[in-house]
Amino acid sequence: MSMVKLVNVRKSFGDLEVLKGVNLEVQQGEVVCIIGASGSGKSTMLRCLNHLERISDGEIYIEDVLSDKRANNKDQIKIDPVTVQSLCTDLGMVFQNFNLFPHLTVLDNVTIAPLIVKKEDKKVAETRALDLLSMVGLSQKKDEYPSRLSGGQQQRVAIARALAMDPKIMMFDEPTSALDPELVGEVLATMRQLAEKGMTMLIVTHEIGFAREVADRVIFMDGGVICEEGTPEEVLLNPKEERTKSFLNKIL
Amino acid sequence: MLTEIQLWAIFNGTIVTLQIAIVAIVFGAVFGVVVALGRLSKNKVANALSWFYIWFFRGTPLLLQLFMIFYAIPIIYLDATGITFEINPMIAAFVAFSLNATAYLAEIIRAAIESIDGGQMEAAKALGMSYRQAMTKIIIPQTYKRLVAPLGNELIMLLKDTSLVSTIALFDLLRTTKTMASATGSWIYYIYAAAIYLFLTTIIQVVFDKMEKKLGIYER
């Protein structure tokens, strides 16, 4: 089943066109790493998927259901809020800056969305949250506030928080870019674990080594379009496009 | 020294002062949230109404607002219906001070909400929360600590501004003591008034400092 499908998606902020016609289809269980220079539209593409941004043109399907459609920057389709909400909760998102809720303990960070969005029973939500926290190796930190955790720990809590909504697709927007180098490994390990469990993942990253190891497909974006895509070997080791080569030369 | 009658009069004056300040801060905080959300709203009508409200009540003297409610409204009513009625001065004071405090607190609350990092709203939305859920569970609770200090400030201002009610036939702390001073020709009553004001504002300061520390517990 196609989990995510973008058809000729464009996105402009005022006069600045960030996405210039992106076509992408992601299958269930696929791990897709997206690389590219900053400003190439990687993050914007992810943010369009869960309606943090609304597209200017094109179509987006989540699990083969239309989630956003627009032509020529007008006539945005009205999708009923319940559908949008259920589509968006199928997409978990992990942010570069973690964005944990600082006024809530680690456990409450993980349970709050199931409790108020899904109206889950408190006991059920807490049991599940503890499972997720032990999966990311942080069950002993459940009563701490986020400010007491390291960046790597915060990001792992953020992953548990996103997983608590039972997403079918996990999106990572440069999840290790704000971390000290020695903390990157623990977050990547958690993500690797998720990939092994068969989670469909869309990962915007600068960690080329990680992409090579876990990605089923690597996408190189440049100037608002997908410039090159293929297996990690194809794109990272034997890039065909000049732009891919020069980007990889710069960062490796 | 004070006679028992004077003591009771000063006590009653203090109660009037306290009542008005406390009613105003409570109503002001509650309606302040509403007006602040209006200012932040994308709805043009809500936005314009809130803007107008703050513009009027911050831009005119509190004393004028008090006069309008206590003196002007009964006259307007009389002209319109031919029926006379009087507003209880205490009610007029409650209303005027609450309306005024709402305007100031709305701006304080709006600024506090806007000071919360935008990533918080995005994270809440990405988890499927509605705007309302994100506001009530994520954004507004994070403003509490930032609101304590300006709220204490506003309460102290209100407490002192209550002396304006002497103009609408209310005996607050200051008017009570002033009356005694003019009747006896002694300045000592002003010292009593100052002492009581300082006593009350000190309590407010201490309580709000404690509250701020307690609410900031999640910050390292």
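At 23% relative accessibility, Tyr145(A) counts as partly exposed. That makes a handy way into this predicted model, since Tyr145(A) takes part in a ring pair that crosses from one chain to the other. Its partner, Tyr218(B), is buried, with a relative accessible area of 9%. The labels differ because buried means under 20% relative accessible area, and Tyr218(B) comes in at 9%, while Tyr145(A) has 23%.

A search of the whole structure turns up 12 aromatic pairs over all chains. In the pair made by Tyr145(A) and Tyr218(B), the ring centres sit 6.2 Å apart and the planes make an angle of 45 degrees, so the pair goes down as tilted. Tyr145(A) belongs to the loop between α4 (122-135) and α5 of chain A, and Tyr218(B) to the segment after α8 (188-215) of chain B. Another pair, Phe27(B) with Phe31(B), is stacked: here the centres are 5.9 Å apart, with 20 degrees between the planes. Both of these rings come from helix α1 (residues 4-40) of chain B, where Phe27(B) and Phe31(B) are 4 residues apart, about one turn of the helix. Each of the two is partly exposed, Phe27(B) at 41% relative accessibility and Phe31(B) at 42%. Chain B also has a cluster, in which ring pairs link Trp51(B), Phe52(B) and Trp55(B).

What about the contact between the chains as a whole? It takes 26 residues from chain A and 20 residues from chain B. About 1,900 Å² of area is buried between chain A and chain B, and carbon and sulfur atoms give 63% of that. On the chain A side, Phe101(A), His103(A) and Ile116(A) stand out: they supply 29% of the area that chain A buries against chain B, more than any other three residues.

The interface has polar links too. The rule finds 6 residue pairs in polar contact across the interface of chain A and chain B, and it finds 1 salt bridge there. The salt bridge joins the side chains of Arg47(A) and Glu122(B), with 2.6 Å from N to O. Several elements of chain A each supply at least two residues of the side that touches chain B, namely α2 (81-89), β6 (91-94), α3 (106-116) and α5 (151-163). Sorted by class, that side of chain A has 16 nonpolar, 6 polar and 4 charged residues.

Chain B, taken alone, is made up of 8 helices and 0 strands. Read from the N terminus on, its elements simply run α-α-α-α-α-α-α-α. Its C-alpha atoms fill a box of roughly 70 × 55 × 20 Å, taken along the principal axes. Of the 220 residues of chain B, 41% count as buried. Look at contacts in chain B between residues at least 6 apart in sequence, and 75% of them join residues at least 24 apart.

Leu164(B) gives a local example of such a link along the chain. This leucine is found in the loop between α6 (131-161) and α7 (173-184) of chain B, and it counts as partly exposed at 25% relative accessibility. Setting aside residues up to four places away in sequence, Leu164(B) touches Leu62(B), Leu63(B) and Leu66(B). Leu164(B) and Arg175(B) are 11 residues apart in sequence, and their C-alpha atoms are 9.2 Å apart in space.

Back in chain A, two residues show how surroundings can vary. Is Thr205(A) buried or exposed? At 3% relative accessibility, Thr205(A) counts as buried. It lies in the loop between β8 (200-204) and α7 (208-214) of chain A. A polar atom of its side chain lies 2.9 Å from the backbone nitrogen of Glu207(A). Not counting residues up to four places away in sequence, Thr205(A) touches Cys33(A), Ile34(A) and Ile35(A).

Arg212(A), meanwhile, lies in helix α7 of chain A and is partly exposed at 48% relative accessibility. Apart from neighbours within four places in sequence, Arg212(A) is in contact with Pro232(A), Leu236(A) and Leu237(A). From Arg212(A) to Leu202(A) is 10 residues in sequence and 14 Å in space, C-alpha to C-alpha.

How values were computed:
Residues numbered from 1 in each chain as written. Chains lettered and ligands numbered in written order. Predicted model: local features only at pLDDT ≥ 70, side-chain atom pairs only at ≥ 80, totals over all residues. Heavy atoms only, no water. Contact = heavy atoms within 4.5 Å. Buried area = accessible area lost by both parts, 1.4 Å probe. Salt bridge = Lys/Arg side-chain N within 4 Å of Asp/Glu carboxyl O. Polar contact = N/O pair within 3.5 Å; in protein donor to acceptor, adjacent residues only side chain to side chain. Nonpolar A, V, L, I, M, F, W, Y, C, P; charged D, E, K, R; others polar. Phe/Tyr/Trp six-rings, centres within 6.5 Å; stacked < 30°, edge-to-face > 60°. Buried < 20%, exposed > 50% of the residue type's maximum accessible area, 1.4 Å probe, protein only.
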